[in-house]
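I am opening a fresh notebook page on this structure. I want the overall layout before the details.

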Amino acid sequence: MTSIRFVVLALAIIMTGCAEQVEKKPTAPVKGTVTFQGKPLETGEIVFFPDSGERIANGKIQPDGTFVLTTYDEGDGAFPGTHKVTIVSERDMEGVSAEDPEASMEPSYIPTKYNLQKTSGLTAEVKDGENEINFELE
């Protein structure tokens, strides 16, 4: 019985040591504000896609239009370099019945062109150190 426990313990130690480690490349803090037609965008998500093809950074847009980006750990920012940017901001349509007047409303608060890299037209340059990057959508 003791030898079985030893084997299980040894396997656990070996497997833990062999777990793939994620190499965390340096990031730079990024915060900013998103406005639409001159007013803060109150909800949504912003995503930075590095031109280098590395891991994306994203952030939740707060009710005052502000965001903070995360790549690995909360608020750590994005990789320095050029990024394509997308922004999605949609109404919560969960539980809305077809008869509800809200059902006929456009689900997106902003033009849907901002949802995709190919059509958003938004880019950002992240530099080493603190970054404040704002987006004014029309």
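**Layout of the chain**

I note at the outset that this is a predicted model. I counted the elements of the protein chain and got 2 helices and 9 strands. Then I read along the sequence. The pattern runs α-β-β-β-β-β-β-α-β-β-β.

**The sheet**

Next I looked up how strands are arranged. I recalled that strands of a sheet pair through backbone hydrogen bonds, either parallel or antiparallel. Here I found an open sheet of 4 strands, with antiparallel pairing. I wrote down its order as 4-3-6-7. Which strands sit at the edges? They are strand 4, residues 57-61, and strand 7, residues 122-126. Each of these two pairs on one side only. I also checked the twist. On average, neighbouring strands of this sheet are turned by 30° against each other, with direction ignored.

**One pair up close**

I picked strand 3 and strand 6. Strand 3 covers residues 44-50, and strand 6 covers residues 81-88. How many bridges join them? I found 6, and the two strands run antiparallel. I followed F49 across to strand 6. Its bridge partner there is K84.

**Whole-chain numbers**

I turned to burial last. The protein chain has 138 residues, and 30% of them count as buried. Its accessible surface comes to about 9,300 Å². Carbon and sulfur atoms hold 54% of that surface. Then I looked at contacts between residues at least 6 apart in sequence. What share of these joins residues at least 24 apart? I noted 62% for the protein chain.

How values were computed. Residues numbered from 1 in each chain as written. Predicted model: local features only at pLDDT ≥ 70, side-chain atom pairs only at ≥ 80, totals over all residues. Heavy atoms only, no water. Pairing = 2+ DSSP bridges. Axes fitted to C-alpha atoms, helices over the stretch in contact; angles between N-to-C directions. Buried < 20%, exposed > 50% of the residue type's maximum accessible area, 1.4 Å probe, protein only. Contact = heavy atoms within 4.5 Å. Areas by Shrake-Rupley, 256 points an atom, 1.4 Å probe, with all protein chains shown as cover.
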